[in-house]
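User: I would like a close reading of one part of the structure shown below, set in the context of the whole chain. Please keep the account formal and connected.

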Amino acid sequence: MTQKAELLNKWREDIFFFSLIITAGVFPFSEALVSISAGLLFFQALALQAWKHPSVNIQSWKSVLFPVSILGVYLIGTIFTEDFSFALYELKKVVFWVVFPLSIFLSPRLSEKKIYLVLYVFILSVVVSSFIFAGKLVISNYLQLADFRSVSIVSHIRFSFQVTLAIILLAWLLINKNKLPVKIHSFILLGIFLWLILFLILLKSLLGIIAFFGVLLISILIFIAGTKNKKRKVVLVSMLLLAFILPLIYTGTILKDFYRFEKINPVTVENYTLSGNPYHHNFEQGMRENGHLVYIYVCEDELRQEWNKRSEIKYDDNLNGYMLGTTLIRYLTSLGYRKDSVGMSKLSDKDIQLIQKGVTNYKFKNHGFSIYPRIYETIWELDYYMRTGDPNEKTLAQRIEYVKASLVLIKENPFFGIGTGNWVIKYNEVYDRMDTKLSPEKRGPSHNQYLNYLVKFGIFGFAWILFALLYPVFKLGHRKNFVFILFLVFYAFANLGDANLESHMGLSFFAFFYSFFVWNSTKEMKKSIHQT
């Protein structure tokens with residue numbers, strides 16, 4: 001090899017490494033930066049003819065066709081499209097199936113040291129972003145941020161995926177700390193590991209937390225299967241039971257709190273406030289906060305007058321899609337107060353601030369750094385949905401309606417689906433037939449990646465996508481790749497609750513690390529967990 005060729009190959013390797021560092025580092029910060037870095041990664045592979053590097057086995061090109069073929073499924077789906085403009089939009093969203101697999105497959109294979117440096121940069125970027133998030137949350141009153149979603153730099157759900165991968169990587173690095181070419185003190189790794197687990201809870205993404213617990217259960221099962229030490233196996237089984245039982249107990253406690261109902265006799269209720277104004281009582285509505293009926297002992301005239309004296313956001317103003325007065329009524333109910341001037345007089349300035357932020361239950365102010373409010377609100381939404389059939393403005397209830405519509409479409413188009421770009425038309429037709437209470441502006445596809453694939457591409461398309469994703473994993477020797485397998489397991493759980501592979505950050509993040517692990521995992525990473 002000539003000196004010129006050696007220099008060119010060094011350029012190919014260094015520029016690819018630099019592009020990977022940039023891409024891994026920008027995920028927690030910006031969708032736009034992810035798109036730019038993806039373009040840079042793709043451009044360097046083509047411009048430098050990176051596949052001519054001696055480490056690239058271009059003869060194994062067939063492996064890269066499998067993930068790339070997923071875009072092909074979308075292209076085939078356009079045969080059935082009734083809306084080509086929307087089909088083109090869908091194709092643009094899934095272009096990462098081509099960009100990242102081709103960019104990484106065609107580029108040089110990195111040394112172990114450089115592979116770990118890329119992973120360390122990713123972990124560092126997640127940690128830095130988590131500190132920014134936590135700092136903004138602590139001073140949220142000063143910044144006038146409404147809730148935890150407002151302080152996330154990117155989608156808090158997608159960011160929870162990044163946090164989970166960082167946790168998986170840190171766990172693996174701690175287990176294999178003596179075998180790594182890049183040394184970092186165990187106490188630093190452990191501290192970051194524990195902080196990110198705490199932060200994941202602070203992030204309050206139920207989907208991310210549930211998927212993380214799924215990964216935790218699977219990883220413990222892997223360790224149980226891989227150990228022959230009876231004492232260690234007993235400890236691991238105990239951990240597995242705790243990881244399964246404790247969340248159930250915690251959720252059960254919140255359920256018990258929610259359904260601890262106050263008994264009210266409609267015959268004996270008082271009909272006038274202390275000021276002599278009439279109360280409004282609606283026992284049929286049935287909505288409750290902390291067991292108290294929301295729409296009894298309500299005098300809106302007194303509430304409006306007293307609230308408007310204490311707040312710049314007025315009683316009839318819109319707050320998070322609802323009239324502020326609705327939030328005020330629920331908050332007073334949660335305290336067990338009557339919804340009149342006397343109840344208003346009992347509210348502290350802190351209570352007023354919480355109501356202005358959209359907080360509907362006083363208990364939430366004592367759970368600012370826990371997932372109690374998210375679980376309670378989810379239970380409240382489901383209870384309301386089951387009683388009224390109204391899913392609007394209620395995340396989980398809306399998703400139930402989406403699933404119902406999806407199942408109808410799958411039943412009607414089982415083999416080849418409805419095609420690419422047709423979901424708006426086809427779903428609206430089904431919603432009209434379902435006579436749903438879901439508002440037209442709230443209608444949408446299933447927030448479940450598996451159902452989405454079945455709706456669009458039928459059984460055959462869905463089966464091919466699964467095969468295309470899993471074949472390179474097994475063919476290229478990743479069956480025992482602990483980090484990669486847990487990454488796939490996490491997405492397998494997360495895809496039950498959202499269409500992550502059809503969103504910008506969800507797909508770009510998955511496609512990048514999927515491709516990275518497939519073609520740049522170290523020999524140590526490919527070893528069985530039994531050997532760790």
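How many helices and strands are there in the chain? With that settled, please examine helix α5 (residues 96-105) closely: which of its residues are buried, and what covers them?

Analyst: The model is a predicted one, and every value below is to be read in that light. The chain holds 21 helices and four strands. Along the principal axes, its C-alpha atoms fill a box of roughly 100 × 55 × 50 Å. Of its 532 residues, 52% count as buried. Its accessible surface comes to about 25100 Å², with 64% of that area belonging to carbon and sulfur atoms. When contacts between residues at least 6 apart in sequence are considered, 74% of them join residues at least 24 apart.

Within this setting, helix α5 is largely enclosed by the rest of the structure, because nine of its ten residues are buried. The buried positions are F96, W97, V98, V99, F100, P101, S103, I104 and F105. The elements that cover them come from separate stretches of the sequence: α1 (3-26), α2 (31-47), α3 (62-77) and α4 (84-93) are included, as are α19 (449-475) and α21 (504-520).

W97, one of the buried residues of α5, shows this arrangement at the level of a single residue. Neighbours within four places in sequence being set aside, W97 is in contact with P67, V68, I70 and L71, and also with Y453, L469, L501, L507 and F510. W97 further belongs to the largest nonpolar core, a set of 141 residues, where it stands with F122, F513 and F517 among those with the most contacts inside the core. Helix α8 (residues 156-175) supplies the largest share of this core, namely 13 residues. Another core lies apart from it and has six residues, among them V269, L293, I296 and Y297.

Two of the elements named so far, α19 and α8, also take part in salt bridges, of which the structure holds 20. In general terms, side chains of opposite charge can pair when their charged atoms come close. E502 and K456 meet in such a pair, at 2.5 Å from N to O. This bridge links distant parts of the chain, since E502 lies in the loop between α20 and α21 while K456 belongs to helix α19, 46 residues apart. Both E502 and K456 are buried. A further set of salt bridges with shared partners joins K10, E13, D14 and K114 into one network.

Helix α8 takes part through R158, which pairs with D498 at 3.3 Å between the closest N and O atoms. R158 is in α8 and D498 is in the loop between α20 (482-494) and α21, so this bridge ties together parts 340 residues apart in sequence. R158 counts as buried because its relative accessibility is 12%, and D498, with a relative accessible area of 7%, is buried as well.

The bridge between D301 and R304 offers a contrast in setting, with its closest N and O atoms 3.8 Å apart. These two residues are three places apart in helix α12 (residues 300-310), so about one helical turn separates them. D301 is exposed, having a relative accessible area of 57%, whereas R304 counts as partly exposed at 25%. An α-helix has 3.6 residues a turn, so residues three or four places apart point the same way.

Aromatic pairs also feature in the model, and their count comes to 55. In one of them, W423 and Y427 are placed edge-to-face, with 6.1 Å from centre to centre and 80° between the planes. Both residues lie in helix α18 (residues 423-434), four residues apart, or about one turn of the helix. W423 and Y427 are both buried.

Helix α6 (residues 112-138) gives a further example of a buried position, in S129. With a relative accessibility of 2%, S129 counts as buried. Apart from neighbours within four places in sequence, S129 is in contact with P28, F29, I153 and F159.

At the surface, a nonpolar patch of about 750 Å² is made by V237, L241, L242, F244, I245, L246, L248 and I249. L246 has its place in helix α11 (residues 230-258).

To return to the request, α5 is largely enclosed, with nine of its ten residues buried, and its cover includes α1, α2, α3, α4, α19 and α21.

Technical notes
Residues numbered from 1 in each chain as written. Predicted model: local features only at pLDDT ≥ 70, side-chain atom pairs only at ≥ 80, totals over all residues. Heavy atoms only, no water. Patch = residues over 30% accessible without salt bridge, like charges linked within 9 Å, V, L, I, M, F, W, Y side chains within 5 Å. Areas by Shrake-Rupley, 256 points an atom, 1.4 Å probe, with all protein chains shown as cover. Salt bridge = Lys/Arg side-chain N within 4 Å of Asp/Glu carboxyl O. Core = buried A, V, L, I, M, F, W, Y, C linked by side-chain atoms within 4.5 Å. Buried < 20%, exposed > 50% of the residue type's maximum accessible area, 1.4 Å probe, protein only. Contact = heavy atoms within 4.5 Å. Phe/Tyr/Trp six-rings, centres within 6.5 Å; stacked < 30°, edge-to-face > 60°.
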